[in-house]
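Please open the model in your viewer and keep the sequence panel beside it, since this tour moves from one selection to the next and says what is found at each stop.

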Amino acid sequence: MKKIVFLLILLLIPMVSAMESGTGSINTSWVTVNFDESFNSVPVVFAQVTSENEVDPVIVRMKQVNPNGFKFKLQELPGYDNVHSSEDISWIALEDGEYGEVGRKSIIQQNRFQWRTKVFVNNHTNPYLLAQIQTARNMQPVHVDIKNLIDSRFRLRLEEFFSLDGIHPREVVGYFAFEEVDNAEYDSISVDTNWQYISFNEEFLNEPSVVAQVTSENENSGVFVNIRNVTTEGFYVYLMEDPGFDGVHGYEDVTYLAVGERPLNIAIIDTGSAGI
(Lines give C-alpha, C1' and ligand atoms only; values in the text may rest on other atoms or scores of the structure.)
Protein backbone atom coordinates (compact mmCIF):
# COMPACT_ATOMS: atom_id res chain seq x y z
CA MET A 1 0.00 0.00 0.00
CA LYS A 2 1.40 3.34 -1.00
CA LYS A 3 1.91 5.82 1.82
CA ILE A 4 1.13 9.48 1.15
CA VAL A 5 3.15 12.17 2.90
CA PHE A 6 1.47 15.55 3.23
CA LEU A 7 3.52 18.75 3.37
CA LEU A 8 1.90 21.41 5.52
CA ILE A 9 3.30 24.92 5.23
CA LEU A 10 2.24 27.42 7.85
CA LEU A 11 2.61 30.79 6.19
CA LEU A 12 3.08 34.07 7.95
CA ILE A 13 -0.34 35.68 8.11
CA PRO A 14 -0.25 39.45 7.66
CA MET A 15 -1.29 41.40 10.73
CA VAL A 16 -4.88 42.53 10.81
CA SER A 17 -5.49 46.25 10.65
CA ALA A 18 -5.39 46.46 14.46
CA MET A 19 -1.58 46.90 14.20
CA GLU A 20 0.78 48.28 11.59
CA SER A 21 4.48 49.07 11.84
CA GLY A 22 7.27 50.49 9.76
CA THR A 23 10.79 51.90 9.62
CA GLY A 24 12.28 54.80 7.73
CA SER A 25 14.31 57.98 8.03
CA ILE A 26 13.24 61.49 9.11
CA ASN A 27 14.77 64.85 10.02
CA THR A 28 13.40 68.07 11.55
CA SER A 29 10.81 68.55 8.77
CA TRP A 30 7.33 67.04 9.04
CA VAL A 31 6.89 63.73 7.19
CA THR A 32 3.54 62.10 6.38
CA VAL A 33 3.07 58.35 6.85
CA ASN A 34 0.11 56.71 5.09
CA PHE A 35 -1.00 53.35 6.52
CA ASP A 36 -1.19 50.40 4.13
CA GLU A 37 -4.73 49.76 5.39
CA SER A 38 -7.03 52.20 7.15
CA PHE A 39 -7.86 51.52 10.79
CA ASN A 40 -11.47 51.26 11.94
CA SER A 41 -10.83 54.05 14.44
CA VAL A 42 -8.04 56.49 15.31
CA PRO A 43 -5.03 54.41 16.40
CA VAL A 44 -2.33 55.29 18.88
CA VAL A 45 1.13 55.66 17.32
CA PHE A 46 4.53 55.13 18.95
CA ALA A 47 7.73 56.26 17.23
CA GLN A 48 11.36 55.78 18.23
CA VAL A 49 14.68 57.12 16.94
CA THR A 50 16.91 54.09 16.24
CA SER A 51 20.21 55.72 15.20
CA GLU A 52 22.64 58.35 16.44
CA ASN A 53 23.95 60.07 13.32
CA GLU A 54 24.33 63.35 15.25
CA VAL A 55 25.23 63.82 18.90
CA ASP A 56 22.67 66.62 19.39
CA PRO A 57 19.79 65.03 21.35
CA VAL A 58 16.40 64.72 19.63
CA ILE A 59 12.91 63.52 20.44
CA VAL A 60 10.05 62.60 18.08
CA ARG A 61 7.06 64.93 17.71
CA MET A 62 3.81 63.74 16.19
CA LYS A 63 0.53 65.24 14.98
CA GLN A 64 -2.61 64.62 12.88
CA VAL A 65 -2.94 60.96 13.88
CA ASN A 66 -5.99 59.56 12.07
CA PRO A 67 -7.25 56.21 10.69
CA ASN A 68 -5.28 56.73 7.46
CA GLY A 69 -1.90 57.92 8.76
CA PHE A 70 0.01 60.53 10.77
CA LYS A 71 2.80 63.12 10.61
CA PHE A 72 6.04 63.12 12.60
CA LYS A 73 9.46 64.77 12.76
CA LEU A 74 12.56 65.11 14.90
CA GLN A 75 12.88 67.96 17.39
CA GLU A 76 16.16 68.91 19.02
CA LEU A 77 16.22 69.77 22.71
CA PRO A 78 16.49 73.37 24.00
CA GLY A 79 19.87 75.01 23.44
CA TYR A 80 20.49 73.37 20.06
CA ASP A 81 19.79 74.81 16.58
CA ASN A 82 16.99 72.32 15.67
CA VAL A 83 18.71 71.53 12.38
CA HIS A 84 19.43 67.80 12.43
CA SER A 85 20.59 65.18 9.97
CA SER A 86 18.24 62.34 9.13
CA GLU A 87 17.92 59.60 11.71
CA ASP A 88 16.49 56.11 11.40
CA ILE A 89 13.03 55.75 12.87
CA SER A 90 10.68 52.94 13.90
CA TRP A 91 6.95 53.31 14.41
CA ILE A 92 4.08 51.09 15.53
CA ALA A 93 0.37 51.99 15.27
CA LEU A 94 -2.28 50.12 17.27
CA GLU A 95 -6.03 50.03 17.63
CA ASP A 96 -7.75 49.13 20.88
CA GLY A 97 -8.86 45.59 21.65
CA GLU A 98 -6.73 43.22 19.57
CA TYR A 99 -3.48 43.15 21.55
CA GLY A 100 -4.21 44.94 24.79
CA GLU A 101 -5.60 48.20 26.12
CA VAL A 102 -5.08 51.21 23.88
CA GLY A 103 -6.24 54.59 25.14
CA ARG A 104 -5.69 58.34 25.37
CA LYS A 105 -5.56 60.97 28.06
CA SER A 106 -5.69 64.72 27.45
CA ILE A 107 -3.36 66.65 29.76
CA ILE A 108 -2.53 70.27 30.59
CA GLN A 109 0.74 70.65 32.52
CA GLN A 110 0.29 73.58 34.92
CA ASN A 111 3.68 73.11 36.59
CA ARG A 112 6.55 70.64 36.31
CA PHE A 113 5.60 68.85 39.57
CA GLN A 114 2.02 68.01 38.60
CA TRP A 115 1.29 64.28 38.17
CA ARG A 116 -1.99 62.69 37.07
CA THR A 117 -3.31 59.15 37.46
CA LYS A 118 -4.63 57.09 34.56
CA VAL A 119 -6.77 54.13 35.64
CA PHE A 120 -6.87 51.24 33.19
CA VAL A 121 -10.25 50.17 31.83
CA ASN A 122 -9.39 46.60 32.84
CA ASN A 123 -7.02 45.29 35.48
CA HIS A 124 -3.83 43.75 34.13
CA THR A 125 -1.29 41.36 35.57
CA ASN A 126 2.22 42.86 35.49
CA PRO A 127 1.49 44.94 32.39
CA TYR A 128 4.00 46.34 29.94
CA LEU A 129 3.38 49.98 29.02
CA LEU A 130 4.19 52.32 26.16
CA ALA A 131 3.10 55.97 26.08
CA GLN A 132 3.70 58.87 23.70
CA ILE A 133 2.31 62.34 22.96
CA GLN A 134 0.08 62.21 19.88
CA THR A 135 -0.27 65.97 19.26
CA ALA A 136 1.93 69.03 18.70
CA ARG A 137 -0.14 71.90 20.04
CA ASN A 138 2.92 73.66 21.42
CA MET A 139 6.39 73.37 19.93
CA GLN A 140 8.40 73.57 23.14
CA PRO A 141 10.19 70.19 23.38
CA VAL A 142 8.17 67.86 25.64
CA HIS A 143 7.74 64.17 26.22
CA VAL A 144 5.57 61.98 28.47
CA ASP A 145 6.96 60.92 31.86
CA ILE A 146 5.65 57.74 33.56
CA LYS A 147 5.92 56.32 37.08
CA ASN A 148 4.12 54.00 39.54
CA LEU A 149 2.98 51.49 36.94
CA ILE A 150 0.84 48.78 38.61
CA ASP A 151 -1.89 46.36 37.52
CA SER A 152 -4.71 48.91 37.64
CA ARG A 153 -3.13 52.30 36.82
CA PHE A 154 -0.08 54.47 36.27
CA ARG A 155 0.91 58.10 36.82
CA LEU A 156 1.98 60.47 34.08
CA ARG A 157 2.87 64.06 33.26
CA LEU A 158 4.07 66.16 30.34
CA GLU A 159 7.76 66.77 31.00
CA GLU A 160 9.33 69.79 29.39
CA PHE A 161 13.10 69.92 29.47
CA PHE A 162 14.94 71.53 32.36
CA SER A 163 15.70 74.91 30.77
CA LEU A 164 11.98 75.51 30.07
CA ASP A 165 9.31 76.62 32.56
CA GLY A 166 7.59 73.21 32.87
CA ILE A 167 4.19 74.68 31.92
CA HIS A 168 2.69 73.15 28.78
CA PRO A 169 -0.73 73.50 27.08
CA ARG A 170 -3.04 70.58 26.44
CA GLU A 171 -1.62 67.58 24.58
CA VAL A 172 -3.07 64.12 24.01
CA VAL A 173 -1.06 61.20 25.39
CA GLY A 174 -1.63 57.79 23.84
CA TYR A 175 -0.83 54.62 25.78
CA PHE A 176 -0.70 50.86 25.19
CA ALA A 177 -0.89 48.48 28.17
CA PHE A 178 -0.37 44.83 27.30
CA GLU A 179 0.61 41.46 28.67
CA GLU A 180 1.18 39.54 25.43
CA VAL A 181 1.62 40.41 21.74
CA ASP A 182 1.80 37.65 19.13
CA ASN A 183 4.70 37.59 16.66
CA ALA A 184 6.62 40.23 18.62
CA GLU A 185 9.41 40.56 21.18
CA TYR A 186 8.89 42.63 24.31
CA ASP A 187 10.21 42.92 27.84
CA SER A 188 10.75 45.26 30.76
CA ILE A 189 14.48 45.87 31.27
CA SER A 190 16.67 47.99 33.56
CA VAL A 191 18.62 50.66 31.68
CA ASP A 192 21.00 53.45 32.75
CA THR A 193 23.14 55.98 30.87
CA ASN A 194 25.53 53.31 29.54
CA TRP A 195 24.87 51.52 26.25
CA GLN A 196 23.78 47.90 26.66
CA TYR A 197 22.91 45.22 24.11
CA ILE A 198 19.50 43.53 24.09
CA SER A 199 19.38 40.21 22.24
CA PHE A 200 16.12 38.94 20.75
CA ASN A 201 15.05 35.45 21.76
CA GLU A 202 14.31 34.63 18.11
CA GLU A 203 15.58 36.30 14.96
CA PHE A 204 13.41 38.42 12.68
CA LEU A 205 13.48 38.10 8.89
CA ASN A 206 14.35 41.79 8.53
CA GLU A 207 14.99 44.71 10.84
CA PRO A 208 11.98 45.01 13.15
CA SER A 209 10.27 48.17 14.34
CA VAL A 210 11.44 48.83 17.91
CA VAL A 211 9.87 51.34 20.29
CA ALA A 212 10.59 51.88 24.00
CA GLN A 213 9.38 53.83 27.04
CA VAL A 214 10.75 54.64 30.50
CA THR A 215 8.14 53.50 33.07
CA SER A 216 9.76 54.46 36.40
CA GLU A 217 11.02 57.57 38.19
CA ASN A 218 13.92 56.38 40.36
CA GLU A 219 15.67 59.73 39.89
CA ASN A 220 14.07 63.14 39.43
CA SER A 221 16.24 64.23 36.50
CA GLY A 222 14.55 63.77 33.13
CA VAL A 223 15.60 60.97 30.78
CA PHE A 224 14.41 59.38 27.56
CA VAL A 225 15.35 56.20 25.68
CA ASN A 226 17.93 56.14 22.88
CA ILE A 227 18.27 53.12 20.58
CA ARG A 228 20.75 52.34 17.82
CA ASN A 229 22.08 49.48 15.66
CA VAL A 230 18.81 47.55 15.35
CA THR A 231 19.34 44.24 13.53
CA THR A 232 17.40 41.00 13.14
CA GLU A 233 19.16 39.74 16.29
CA GLY A 234 18.89 42.66 18.74
CA PHE A 235 19.68 46.32 19.43
CA TYR A 236 21.61 48.71 21.70
CA VAL A 237 19.82 50.93 24.23
CA TYR A 238 20.66 53.56 26.84
CA LEU A 239 19.08 56.47 28.72
CA MET A 240 19.91 60.01 27.65
CA GLU A 241 19.58 62.47 30.48
CA ASP A 242 18.21 65.97 30.02
CA PRO A 243 21.27 68.17 29.19
CA GLY A 244 20.35 70.39 32.14
CA PHE A 245 21.64 67.67 34.49
CA ASP A 246 25.00 65.91 34.85
CA GLY A 247 24.43 63.18 32.26
CA VAL A 248 24.74 60.31 34.77
CA HIS A 249 21.54 58.53 35.74
CA GLY A 250 20.72 55.39 37.70
CA TYR A 251 18.73 52.46 36.40
CA GLU A 252 15.14 52.95 35.26
CA ASP A 253 12.55 50.43 34.06
CA VAL A 254 12.09 50.45 30.29
CA THR A 255 9.44 48.63 28.28
CA TYR A 256 10.36 47.77 24.69
CA LEU A 257 8.31 46.26 21.87
CA ALA A 258 9.79 44.90 18.62
CA VAL A 259 7.44 44.01 15.75
CA GLY A 260 8.41 42.41 12.45
CA GLU A 261 8.25 39.34 10.24
CA ARG A 262 9.41 36.04 11.69
CA PRO A 263 10.80 33.04 9.73
CA LEU A 264 8.34 30.57 8.19
CA ASN A 265 7.30 27.59 10.26
CA ILE A 266 7.28 24.37 8.21
CA ALA A 267 5.86 21.06 9.44
CA ILE A 268 6.07 17.67 7.71
CA ILE A 269 3.15 15.38 8.57
CA ASP A 270 3.16 11.67 7.75
CA THR A 271 -0.42 10.40 7.84
CA GLY A 272 0.68 6.77 7.74
CA SER A 273 -2.19 5.86 5.43
CA ALA A 274 -3.03 5.59 1.74
CA GLY A 275 -5.29 8.01 -0.09
CA ILE A 276 -5.33 11.37 -1.72
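## Salt bridges across the chain

In this predicted model, the count of salt bridges comes to 7. Begin by selecting R228 and E52, which form one of these pairs, with their closest N and O atoms 3.8 Å apart. R228 belongs to strand β17, while E52 sits in the loop between β4 and β5 (58–66), so the salt bridge ties together parts of the chain that are 176 residues apart in sequence. Both ends can be seen from outside to some degree: R228 is partly exposed, at 28% relative accessibility, and E52 is likewise partly exposed, at 32%.

Next, select E185 and R262, another salt bridge, in which the closest N and O atoms are 3.4 Å apart. This pair also links distant parts of the chain, for E185 lies in strand β14 and R262 in the loop between β19 and β20 (265–270), 77 residues away. Are these two charged residues buried or exposed? E185 is buried, with a relative accessible area of 6%, and R262 counts as buried too, at 11% relative accessibility.

Keep the view on charged side chains and add D145, R157, E159 and E217, which salt bridges with shared partners join into one network. Within that group, the side chains of E159 and R157 meet at 3.2 Å, N to O. E159 counts as buried at 9% relative accessibility, and R157 is buried as well, with a relative accessible area of 8%; both values fall under the 20% limit for calling a residue buried.

## The largest nonpolar core

Now clear the selection and pick V225, I227, F235, V237 and V254, the residues with the most contacts inside the largest nonpolar core, which has 18 residues. Which elements give two or more residues to this core? They are the strands β14 (184–191), β16 (209–214), β17 (223–228), β18 (234–241) and β19 (252–259).

Centre the view on V254 and show its surroundings: leaving aside residues up to four places away in sequence, V254 touches D187, S188, I189, V191, A212, Q213, V214, T215, V225 and L239.

## A three-stranded open sheet

Move on to the strands β8, β13 and β10, which form an open sheet of 3 strands in the order β8-β13-β10, with antiparallel pairing. β8 (101–109) and β10 (128–133) stand at the edges and have a single partner strand each, so one side of each is left without a neighbour in the sheet. Turn the model to compare strand directions, and note that neighbouring strands here are turned by 25° against each other on average, direction ignored.

To look at one pairing in detail, select β10 together with β13 (residues 168–178); these two strands run antiparallel and are joined by 6 bridges. Along this pairing, A131 stands opposite Y175 in β13. As background, strands of a sheet pair through backbone hydrogen bonds, either parallel or antiparallel.

## A last stop in a loop

Finally, select D36, whose place is in the loop between β3 (31–34) and β4 (44–49). D36 is exposed, with a relative accessible area of 72%, in contrast to E185, which is buried at 6%. Add N68 to the selection and draw a distance between the C-alpha atoms: D36 and N68 are 32 residues apart along the chain, and their C-alpha atoms are separated by 8.2 Å.

Notes. Residues numbered from 1 in each chain as written. Predicted model: local features only at pLDDT ≥ 70, side-chain atom pairs only at ≥ 80, totals over all residues. Heavy atoms only, no water. Core = buried A, V, L, I, M, F, W, Y, C linked by side-chain atoms within 4.5 Å. Buried < 20%, exposed > 50% of the residue type's maximum accessible area, 1.4 Å probe, protein only. Helix = DSSP H or I, 4+ residues; strand = E, 2+ residues; numbered from the N terminus. Contact = heavy atoms within 4.5 Å. Salt bridge = Lys/Arg side-chain N within 4 Å of Asp/Glu carboxyl O. Pairing = 2+ DSSP bridges. Axes fitted to C-alpha atoms, helices over the stretch in contact; angles between N-to-C directions.
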